Amino acid sequence: MAPDVPEDMAAATAATPALPRAQRIAFAAPLRWLARGWADLAAAPGIGLFYGACFWVMAQILGAVFRNRPEYTMTFVSGCLLVGPFLAMGLYEVSRRREQGLPQSLRESLTCWRSHIGSMGLLVLVLTVLELLWGRASLVVFAVFFNTGMPSTASVLQAVFSMANWQFLAIYTLVGSVFAALVFCSMVVAIPMVLDRDTDAITAAITSFSVVLTSTATMLFWGLLVVTLTLLALWPWALGLLVAGPLLGHATWHAYRDTVQWSS
């Protein structure tokens, strides 16, 4: 006969929250995420087009900043890295609802953050700090290392890619890579985790880092795919973002589902 379990111990056991654990995944897994993301996009094309249009507008604003004040381009890019994941949260919600067999709703996707406002607020704070540091570092690199002062609108590409500014290019690329890596590692699955389990922001960010460390090669491949598809989507006139934006958003949800395992 099994021994009696005290009621308070049984209640504590029942109340123990599930814990996230990063699991190792195959190198080719990101291709599967894209295929599943495409299926989600095809299942709710109207919602995907709405979010794709939002990403397209962001690209148009970025282009205007680059043409008129190129020294502030990286500042705005980092701002997009702040806004983009929260736009993508609506896409994660679409994928989550499709996974659970729930009806799709643009309104639900736009308001899915409301029940997670505490954790999302802290993630906003973290990303805001990174955005401010990245923007400031970008301006400092321009001021210190650019060979001809701040570039003009007409000659910015020629000036930036001339051999006279090789030191600027090296430092600018290094600084940008460091901040991009920090954002990627801390956020790659953090926001889907918050949406799925209402995880606190610290646990979500730590688990995100753990995912990258557990399957480093795979996550580097995923990051390369994200960057490549985004760059390809920018030509011509950034119209590719109408599809690539929501596709990557849906795929990120499946990246989270494959890389994070929950256990009591």
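Buried means under 20% relative accessible area and exposed means over 50%, with partly exposed in between (1.4 Å probe, protein chains only). Keep that scale in mind for the views below. This is a predicted model, in which local features need pLDDT of at least 70 and side-chain atom pairs count only at pLDDT 80 or more, while totals for chains, interfaces and linings use all residues. Residues are numbered from 1 along each chain as its sequence is written, and side-chain values use heavy atoms, with hydrogens and water left out.

**View 1. The whole chain: twelve helices and two strands.**
Helices (H or I, at least four residues) and strands (E, at least two) are DSSP runs, numbered from the N terminus. Walk along the sequence and you meet them in the order α-β-α-α-α-α-α-α-α-α-α-α-α-β. Of the 264 residues in the chain, 42% are buried. Now take the contacts (heavy atoms within 4.5 Å). Among those in the chain with a separation of 6 or more, 78% link residues 24 or more positions apart.

**View 2. Helix 3 packs against helix 12.**
Two packed helices are described by the angle between their axes and the distance between the axes. Axes here are lines fitted to C-alpha atoms, for helices over the stretch in contact, and the angles run from 0 to 180 degrees between N-to-C directions. Helix 3 covers residues 45-68 and helix 12 covers residues 241-259; their axes are 7 Å apart, at an angle of about 115 degrees. That makes the two helices roughly perpendicular; on this scale, under 35 degrees is roughly parallel, over 145 roughly antiparallel, 65 to 115 roughly perpendicular and the rest oblique. Helix 3 passes helix 12 in a right-handed crossing, where right-handed means that the near helix is turned clockwise from the far one by less than a right angle, and left-handed means anticlockwise. On the helix 3 side, look for Gly48, Leu49, Gly52, Ala53, Phe55, Trp56 and Ala59; helix 12 offers Leu241, Leu242, Gly245 and Pro246. Sorted by class, this contact has eight nonpolar, three polar and no charged residues. For the classes, Ala, Val, Leu, Ile, Met, Phe, Trp, Tyr, Cys and Pro count as nonpolar, Asp, Glu, Lys and Arg as charged, and the others, Gly among them, as polar.

**View 3. Helix 2 also crosses helix 12.**
The axes of helix 2 and helix 12 come within 7 Å, crossing at roughly 120 degrees. Helix 2 and helix 12 are therefore oblique to each other. Their crossing is right-handed. Residues of helix 2 in this contact include Arg32, Trp33, Arg36 and Trp38, and those of helix 12 include Pro246, His250, His254 and Asp258. The tally by class for helix 2 with helix 12 is ten nonpolar, four polar and four charged residues.

**View 4. Two of the four aromatic pairs.**
A pair of aromatic rings is described by the distance of the centres and the angle of the planes. Rings of Phe, Tyr and Trp (its six-membered ring) pair if their centres lie within 6.5 Å; planes under 30 degrees apart are stacked, over 60 edge-to-face and the rest tilted. Trp33 and Trp222 make an edge-to-face pair, 5.3 Å centre to centre with 85 degrees between the planes. Trp33 sits in helix 2 (residues 29-43) and Trp222 in helix 11 (residues 216-233), so this pair ties together parts 189 residues apart in sequence. Trp33 is buried at 0% relative accessibility, and Trp222 is buried at 1%. Trp253 and Tyr256 form a tilted pair, 5.4 Å centre to centre with 55 degrees between the planes. Both of these residues lie in helix 12, three residues apart, or about one turn of the helix. Trp253 is buried at 0%, and Tyr256 is buried at 1%.

**View 5. Ser208 in helix 10.**
Helix 10 spans residues 201-214. Ser208 is buried, with a relative accessible area of 0%. Setting aside neighbours within four places in sequence, Ser208 is in contact with Phe184, Cys185, Ser186, Met187, Val188, Val189 and Ala190.

**View 6. Backbone oddities in two loops.**
Most residues other than glycine have a negative phi, and most peptide bonds are trans. Trp235 and Pro236 are joined by a cis peptide bond, with omega about -5 degrees. Pro236 is in the loop between helix 11 and helix 12. Trp237 is in the loop between helix 11 and helix 12 too, and it has a positive phi of about 55 degrees although it is not a glycine. Trp237 is exposed, at 66% relative accessibility. Asp198, also not a glycine, has a positive phi of about 55 degrees. Look for Asp198 in the loop between helix 9 (190-197) and helix 10, where it counts as partly exposed at 41%.
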